[in-house]
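Good morning, colleagues. I would like to use these few minutes to go through the strand arrangement of the structure on the screen.

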Amino acid sequence: MQRQYEYFAIVDSVHPSPEEPAAMCRRWVDDDGQVHEEAFLITLTWMPSTMLTVARPGRVHRVDAAAADRFEQNLRDRAPRGETEDVRYTYLAWVDGESTQDDPTGLLRTWPAPRGIEREQRYTPGSGWDTSYVRDDWHRGRYDGRFDRIDQETAEQIIQMWEQRRAEQG
């Protein structure tokens with residue numbers, strides 16, 4: 001079954017117009033009736049997000065798919081070349097202590113950047129992907145555990161679980 005999306009523009013004082021919003025979100029319902037929310041991020045991908053749920057009243061405007069397409073294209077046009085397009089991420093579950101690969105202590109993604117440097121980001125519920133140096137710190141003995149390679153689908157499932165937990169905890 002093909003997903004049916006509802007799109008929402010989120011405005012703020014710097015981007016007060018739904019035609020040029022601060023953020024673009026979408027909502028869809030899976031086959032089990034679970035509602036999913038995603039935001040289109042600077043990484044040029046739709047990722048799970050609670051941005052729509054936590055937006056202040058009056059900041060959310062329902063828009064059509066064409067408006068979402070324009071927002072996506074605008075971000076793509078402004079993206080630094082060679083940094084974010086055609087990125088092949090490797091996802092890692094950071095497992096230590098009582099955590100498991102399905103519910104790890106942390107979730108990382110890495111990718112090769114220009115000049116052979118490998119970049120890393122850690123996912124934080126409510127904030128998304130941020131630059132991190134967890135593996136560097138791990139190599140220096142500051143952290144325990146291991147890093148298990150997982151696929152993108154598993155990473156997205158973990159993110160969804162964490163965002164759901166965060167939403168339930170308020």
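I shall describe two sheets in turn, and then the helix that touches strands of both. Please keep in mind that this is a predicted model.

Let me begin with the sheet whose strand order is β4-β3-β2-β1-β5. This sheet is open, has five strands and is paired in the antiparallel sense. At its edges are β4, residues 46-48, and β5, residues 60-63, each with pairing on one side only. From one strand to the next, the twist averages 35°. Strand β1, residues 6-10, runs antiparallel to β5, and four bridges connect the two. Within that pair, F8 has R62 of β5 as its bridge partner.

I now turn to the other sheet. Here, too, five strands make up an open, antiparallel arrangement, in the order β9-β8-β7-β6-β10. Its edge strands, pairing on one side only, are β9 at 128-131 and β10 at 146-150. Ignoring direction, neighbouring strands in this sheet are turned by 35° against each other on average. Between β6, residues 90-95, and β10 there are five bridges, and the pairing is antiparallel. As an example, A93 is bridged to D148 in β10.

Where does helix α4 pack? Helix α4, residues 152-169, packs on this second sheet, where it touches β6, β7, β8, β9 and β10. The direction of α4 makes about 140° with that of β7, the strand at 106-112. Helix α4 also lies across β3, residues 35-40, and β4, and it runs at about 45° to β4.

Methods: Residues are numbered from 1 along each chain as its sequence is written. This is a predicted model: local features need pLDDT of at least 70, side-chain atom pairs count only at pLDDT 80 or more; totals for chains, interfaces and linings use all residues. Side-chain values use heavy atoms; hydrogens and water are left out. Two strands pair if DSSP finds at least two bridges between them. Axes are lines fitted to C-alpha atoms, for helices over the stretch in contact, and angles run from 0 to 180 degrees between N-to-C directions. Contact means heavy atoms within 4.5 Å.
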